[in-house]
Amino acid sequence: MSGSSPAARVQQLFEGRRLTPTQRRIAHSMVRRAGDAPFLSSVELAELAGVSQPSVTRFAVALGFDGYPALRKHLREVAPAGPAEGDGEDTYNEYQQAVLGEIENLRHLAELLADPGPVERAGRLLAASRPLLVLGLRAASSQARGFGYFAAKVHPDVRVLDEGGSMLHDRIDAARRAGASALICFALPRHPREVVDALAHARDQGLAVVSVADSAFAPVAAHSDLLIPAAVGTGLAFDTACAPMLLGRVLLEAMCDDLPDAQARLEEFDARAAARGLFVE
């Protein structure tokens with residue numbers, strides 16, 4: 001534990017716990033600001049998470065502490081990084097701060113990937129599914145389409161689900177009848193109810209669900225067999241998703257490792273593209 005990052009040590013407080021949506025917001029804020037969390041008052045944490053101060057107190061009690069002061073004392077012991085980390089932040093404008101925030105998200109993702117086990121397991125599940133379903137609605141639809149575009153170069157049957165509506169469950173059912181065994185979901189804020197419902201249906205049909213979400217406490221967690229978190233940037237008017245996009249490429253790499261003909265398929269595509277003059281060199 002001593003060798004892990006402050007964010008990883010804070011997150012361990014919540015692993016295996018069933019949290020309410022409000023509690024997930026508080027937990028997510030604490031993980032994102034792990035260096036500052038041990039020094040925040042309950043009022044400051046409430047403002048950061050966008051909840052009430054009594055919600056923070058109830059959250060601490062739900063974790064087994066006598067109150068928020070006891071939780072903060074524990075945080076200072078397990079995640080002692082101080083607030084000096086943010087010194088000089090005011091010298092950057094809002095655009096620079098947004099970029100620096102994404103760099104920090106990528107750094108957290110790199111720390112998470114120090115254990116390649118979950119990604120390797122996901123790669124095996126995705127490679128084995130025929131067809132492979134890729135789900136992402138609204139803000140996450142571009143992530144799903146990007147993953148599906150590249151996956152189709154090495155996987156024989158990829159079906160992207162990037163539109164909601166009454167046909168969504170029908171398409172999941174059709175893929176299951178065709179032999180699908182897994183679905184990968186990109187789940188980003190704000191989380192559409194349709195995504196949660198679709199994942200619940202997919203698991204009811206026997207599909208294994210791999211989710212890329214902005215937090216380990218995202219609403220899709222309850223309907224995922226394997227969830228790998230990658231934070232989004234919140235410094236601009238619209239969220240940015242550099243870390244989820246990169247994690248998608250990492251999962252593609254892991255999937256390729258379990259597809260024995262992946263390299264041959266890529267070479268075949270390159271040959272056809274060259275013959276058609278598809279790209280300008």
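**A walk through the fold, starting from helix H6**

Helix H6 has 19 residues and spans 27 Å from its first C-alpha to its last, close to the 27 Å expected at 1.5 Å a residue, where the expected span is 1.5 Å times one less than the number of residues in the helix. Helices here (H or I, at least four residues) and strands (E, at least two) are DSSP runs, numbered from the N terminus. The model is predicted, so that local features need pLDDT of at least 70 and side-chain atom pairs count only at pLDDT 80 or more, while totals for chains, interfaces and linings use all residues. Residues are numbered from 1 along each chain as its sequence is written, and side-chain values use heavy atoms, with hydrogens and water left out.

Within H6, the residues Ala98, Glu102, Asn105 and Leu109 are buried, a word that stands for under 20% relative accessible area, whereas exposed means over 50% and partly exposed lies in between (1.4 Å probe, protein chains only). Seen down the axis of H6, the buried residues fall within an arc of 55 degrees, so they line one face of the helix; the arc is that of the directions from the helix axis to the C-beta atoms. These buried residues of H6 pack against helix H2 (21–32), strand S5 (226–229) and helix H11 (242–257), contact being defined as heavy atoms within 4.5 Å.

H6 also holds a charged pair, Glu104 and Arg107, which form a salt bridge with the closest N and O atoms 2.4 Å apart. A salt bridge is counted when a side-chain nitrogen of Lys or Arg lies within 4 Å of a carboxyl oxygen of Asp or Glu. Because Glu104 and Arg107 are three residues apart in helix H6 (residues 94–112), about one helical turn separates them. Glu104 is partly exposed at 27% relative accessibility, and Arg107 is likewise partly exposed, at 42%.

Helix H5 (residues 68–78) offers another pair, in which Lys73 and Glu77 are four residues apart and therefore separated by about one helical turn. The salt bridge between Lys73 and Glu77 has its closest N and O atoms 3.0 Å apart, and Lys73 is exposed, with a relative accessible area of 52%. Elsewhere, Arg159 forms a salt bridge with Asp157, with 3.4 Å between the closest N and O atoms; Arg159 is partly exposed at 29% relative accessibility, and Asp157 is partly exposed at 26%. By the rule above, the count comes to eight salt bridges. Side chains of opposite charge can pair when their charged atoms come close.

The count of disulfides, by contrast, comes to zero, a disulfide being a pair of cysteine sulfur atoms within 2.5 Å. The sulfur of Cys185 lies 19 Å from the closest cysteine sulfur, in Cys242, which is too far for a bond. Cys242 is itself in no disulfide, the nearest cysteine sulfur being that of Cys185, 19 Å away. As for their surroundings, Cys185 is buried at 0% relative accessibility, whereas Cys242 is partly exposed, with a relative accessible area of 35%.

Turning to helix H8 (residues 141–151), one finds Ser141, Gln143, Ala144, Gly146, Phe147, Gly148 and Ala151 buried. What covers the buried residues of H8 includes H7, strand S1 (132–135), strand S2 (158–161), strand S3 (182–187) and H11.

Two residue pairs relate the sequence to the spatial arrangement. Pro116, in the loop between H6 and helix H7 (117–128), is partly exposed at 39% relative accessibility. Pro116 and Ala254 are 138 residues apart in sequence and 9.5 Å apart in space, C-alpha to C-alpha. Val43 lies in helix H3 (residues 42–49) and is partly exposed, with a relative accessible area of 43%. Val43 and Arg265 are 222 residues apart in sequence and 56 Å apart in space, C-alpha to C-alpha.

For the chain as a whole, there are 12 helices and five strands. The radius of gyration of the protein chain is 21 Å, close to the 19 Å that the globule rule gives for 281 residues, so the chain is as compact as a globular protein of that length; this radius is taken over C-alpha atoms, and the globule rule is 2.2 Å times the number of residues to the power 0.38. The C-alpha atoms fill a box of roughly 65 × 45 × 35 Å, taken along the principal axes. Buried residues make up 42% of the 281 residues, and residues 24 or more positions apart account for 69% of the contacts with a separation of 6 or more.
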